[in-house]
Every structure is written in C-alpha cells, then in structure tokens.
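Please open the model in a viewer and keep the sequence panel beside it. The stops below give a selection for each step and state what is found there.

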Amino acid sequence: MGGELKEKVAQGVAWSMAEKIGSMLLAMAVRLVILRLLTRDILGFMSIPSAVVTVLLVIVDSGFSQSLVRHKGPSQSDYKSVFLFNIAVSAVLYGVLVTLAPFAARWYGMPEIARIAPVFFLLLPLNALCAVQNTIFIRQFRFALLSKVTFLSSLAGGLTAIALAMAGWGIWSLVAERVIAVGMRTALLWWLSDWRPCGKCGLKPLREMAPFGCSLMVTDLISNFYNKIPQFFLGKLYSPAVLGSFDQAVKLKDMPAATGIQAVQNVTFPALAKIRDDAPRFAEGYRQVVMVVSYVMFPIMLGMSAVARDMFAVLLGEEWMPTVPYFEAVCLAGLFSPIALTAYNVLKARCKGPLIVRLEVVKKIIMTAIFAVTIPHSVMAVVWGLVAIAFCEMAVNFLATMRFTSLTFRRFVRTLLPVALVSGTMYLLVRLTAAAIPGNDLVRLLAELATGVVSYLALSALFRLEAFREVTTIVRRQLKK
C-alpha cells in the first residue's frame, strides 16, 4: 500500500490485533471456567438464542454502518438518519423475538429460551445505540480507543459471568456476560464520542445509501443465517448435549479465527476503500493483506488442531473429550475463512452491491447442497461440511476479485504456498512430538506448543519467507512507538 496509508493500516492492525488477542484470551479464560462449571446441556440451550441474535444484528444495521465508512464525507444528517433507523428496527425486532420466544421454546423442547428471551434479546437495541459512534471511530482510524473499549467491556462481562457461574446461576451467567459486555461498550462509546443525534434527519440519506447498504445487508444476512443453520437444525435433531459439544467446538475455533478476521477486516476495508481508484496500490495492498493474514492464521489453526486432544484433556477434563474430533476437524475451516473475508472486503471496496448478492446466491446454493447431505447424516459430517464450505467460499470470492484487481491466480498461489508448506511442516512436527512423548498430558501439551512455535519461526527464517519479513517489520515498528 505504501506511504502514510500503509503506516495507518499497520498501526491499526497492530492495535486491533492487540485488543482482539487480549479479548480472546479473556474470553477463552471465561469460556474454560464456564465449561468446567456448566453442563453441555446448558451450553446447548444457549446456542439457539445466540444464533438468532447473530443473524438479526445484520438487519438492525442494514449495511448502513459500512455505507458510512465507505462514504467520502457523511453529514450530520446521514449519521442521525442511520442512528434513528437502527434504533427503530432494533425495537421492532426485540418485540417480535420476545413474543415468539415461547413458541421457539416449545419447538425445540427448551423452556430456557422463553425464560431468558426478555433479557438476552436486549442485545439488539444495545448494539444499535452505539453503531454510529463505532463507525465514526473506524473512519478516524481510532483503533487504539476501540481496542481499549472492547477489552474493558469484555473484562466486565467475563468477570460477571465467572462470579455468577460459581454462584450457581447456570444459564443466566451466560446471559449476563453478553448483556453487560455490550451495555458497557455502548456506555463507553457514548461517553468518549462527541457525536450526538442532533440536527435534521430524513429518508433521503437512507435512500442514497440503500443500494450499497441493502446489498451488503442481504449478503451478510444470508451469510450469517447459513453459518448458523447447523445450530438451528442440530438443536431439533439431536440432544442439547450434542448441540452443546458442536457449538463449543465451533466457538473455540472461532476465538482465534475471529481475532485475526475481525482485526484485519476492521482496518483493511476502510483502507482499501480509500485507494480503490489506484489499481496498482490496491492490488499490492490486497496481496500483502492476504500474505500477512495467512502467515498469522495458518499456524494457529493447524496448531490448535494438532494439540486438540491434550489441550482438552488438560484444560477441560474428561467431560468435554467427545468434543475433540469436532474441534480437530473444524479448525481446518479457519485456514480458508480469513482469506475469503479479505477477498470479500476487496469486493465491497471495488464493486457494486448487486454483484455481491449474486455471488452470495452461488455460495449459498453450494452450502445448501452440502448441508442437505451432511445434517441428516451425523454431526461429524456437518463439521467436515463446514470445512468444505469455507474452502468454496474462499475460491468463489477470490475468483470474483480477479475482475477488479490485477492480482493473478498465479501470484495469489505463490503468495500463499510458502506459508502453507511451512505451516504444514510445523503441524507434522507437532504430531510427531505428541507420538514421541507418552504419559503426562500437561508435559506433552507444553512440548507440542514449544515444538510448534520454534519450528514455525525457525523454518520461516530459514526459507526467508516474505511474510516473515513483513510481519517482523510491522512488529519492530510498533515496538519503537
């Protein structure tokens, strides 16, 4: 990308990664405590409302936040119109969800859904209240501030959840974690932001942003819904304990995967949007993001898959060992998802909304076929289906970006292949270490982790990977500040 923009992106990614890693470690600590204290059934009960919120948050925003990020100079009227729209939609959805919760509880045979609905679904209006402030800070590249806000909010929610779980509050500890974290984040963003909903508003700003925003909403809504299809169907077809095992395998995989994905997405979309008219810089910026993302995420996802059995044995105990096969396989999906999302950011920055919708239709046809085969078969089949879906999404998104950038397929493969080979070698060395050390699970886990870190860095330096040089340069630059 070069120059001042590249410096902003590097600094933004560093801050965003620091916050995401800190939040991930905190979330993982909370998750481990909760998994120790709660049953798989309770975690299964929670997965359905969580999936619903994930899907409907897309409707609350309707793509207008990303439209504001992409906008060259949004006015006060633009911000206020989006703010009021978000509040109105979230209030309507909240009422609908609370009304329908008893019917969903009877359908799934989970009365807990109806009990927690009035409190848990407050996540929708709480998120709507701070969407504009968050967008303004993103436009200003104030990722250090957003990082601190997110970390403090996660800390408050996590500590509350641990205290309530230890006190025997069961599923309410999970509800409190989410609501308190989002509520505190909303309060902090309002306190720190100078923006307030004043001045004129109307439908004109929404109509102007609607073509792009609604296209993104449709694609994100379809994407989020399809990502949660396993939870919706497995909750009906299998026991809550099985659903809890599957859901936690996916969530534990998503913690590091989402850390890298969200950190890069938050920074690269506004950055790429700024240089979308400079074709050479745009293509090189796209390639560098793919390179750095793969260098960070490939060893993490393969490493977690390699150490899964000992990690679960040490941290969670015998109760959660049935989750290990799901976790080992689903981690492989994390190899493809970050690359797919990077390509998706390119499409958002360069193309018009209708093309994104058409691509989503193609991907969802593929996903529908895979789910139709795997869901009735077994939970393990669904897990491998998720891996296949992640690969297909990456392939479709990248092929679509070739119309809008000069990054060729050959250059793309040459960027990823060295990282993939080094990561694969690290994976084999970790598995060989596990086979060579019988006995104590903790000792074996520590040996596997040491082997993975040392071998990956050593091989990167030995073969002089471009990604290794780029990442170390970014790290040194940030340490000097």
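The tour goes from the whole chain to single helices, residues and internal spaces.

**Before selecting anything**

This is a predicted model, in which local features need pLDDT of at least 70, side-chain atom pairs count only at pLDDT 80 or more, and totals for chains, interfaces and linings use all residues. Residues are numbered from 1 along each chain as its sequence is written, and side-chain values use heavy atoms, with hydrogens and water left out.

**The whole chain**

Display the chain as a cartoon. It contains 19 helices and 0 strands; helices (H or I, at least four residues) and strands (E, at least two) are DSSP runs, numbered from the N terminus. Of the 481 residues, 55% are buried. Here buried means under 20% relative accessible area, exposed means over 50%, and partly exposed lies in between, with a 1.4 Å probe and protein chains only. Among contacts in the chain with a separation of 6 or more, 84% are between residues 24 or more positions apart, a contact being heavy atoms within 4.5 Å.

**Helix 9**

Select residues 171-192, which form helix 9. The 22 residues of helix 9 should span 32 Å at 1.5 Å a residue, and its end C-alpha atoms are 32 Å apart, which agrees. The expected span is 1.5 Å times one less than the number of residues. Colour the buried residues of helix 9, including I171, S173, L174, V175, A176 and E177.

Now pick W172, in helix 9. Is W172 buried or partly exposed? With a relative accessibility of 30%, W172 counts as partly exposed. Beyond residues up to four places away in sequence, W172 touches R115, I116, V119 and L164. Add M46 to the selection: its C-alpha atom is separated by 9.7 Å from that of W172, although the two are 126 residues apart along the chain.

**Helix 14**

Next select residues 337-350, helix 14. This helix has 14 residues and reaches 20 Å from its first C-alpha to its last, close to the 20 Å expected. Helix 14 is largely enclosed by the rest of the structure, because 12 of its 14 residues are buried. The buried residues of helix 14 include P338, I339, Y344, N345 and K348.

**Helix 17**

Select residues 409-436 for helix 17. Two of its residues merit a separate view. S423 lies in helix 17 and is buried, with a relative accessible area of 0%. Apart from residues up to four places away in sequence, S423 touches F298, P299, L302 and Y456. T433 is also placed in helix 17 and is buried, at 14% relative accessible area. Leaving aside neighbours within four places in sequence, T433 is in contact with A447, E448 and T451.

**The second largest pocket**

Keep helix 17 displayed and add helix 16 (379-401); each supplies at least two residues of the lining of the second largest pocket. A pocket is an open set of points on a 1 Å grid over the protein atoms alone, with protein on both sides within 12 Å along at least five of seven lines; a cavity is a set where a 1.4 Å probe fits but cannot get out, and lining residues have an atom within 4 Å of a point. The second largest pocket holds about 260 Å³; grid points are joined across faces, edges and corners, and a volume is the space filled by probe spheres set on the points.

Of the 13 lining residues, F336, M394, F412, V413 and L416 lie nearest the centre of this pocket. Helix 17 gives the most to the lining, with 6 residues. The lining has 13 nonpolar, no polar and no charged residues. Ala, Val, Leu, Ile, Met, Phe, Trp, Tyr, Cys and Pro count as nonpolar, Asp, Glu, Lys and Arg as charged, and the others, Gly among them, as polar.

**The second largest cavity**

The structure holds 4 cavities of 30 Å³ or more. For the second largest, select M28, L32, L252, M311, F312, L315, L316 and F327, which line it. Helix 1 (3-37) and helix 12 (279-315) are the elements that give two or more residues to this lining, and helix 12 has the largest share, 3 residues. The volume of the second largest cavity is about 80 Å³. Its lining divides into 8 nonpolar, no polar and no charged residues.

**Cysteines**

Finally, select C130 and C331. C130 counts as buried at 2% relative accessibility, and C331 counts as buried at 0%. A search of the whole structure finds 0 disulfides, a disulfide being a pair of cysteine sulfur atoms within 2.5 Å.
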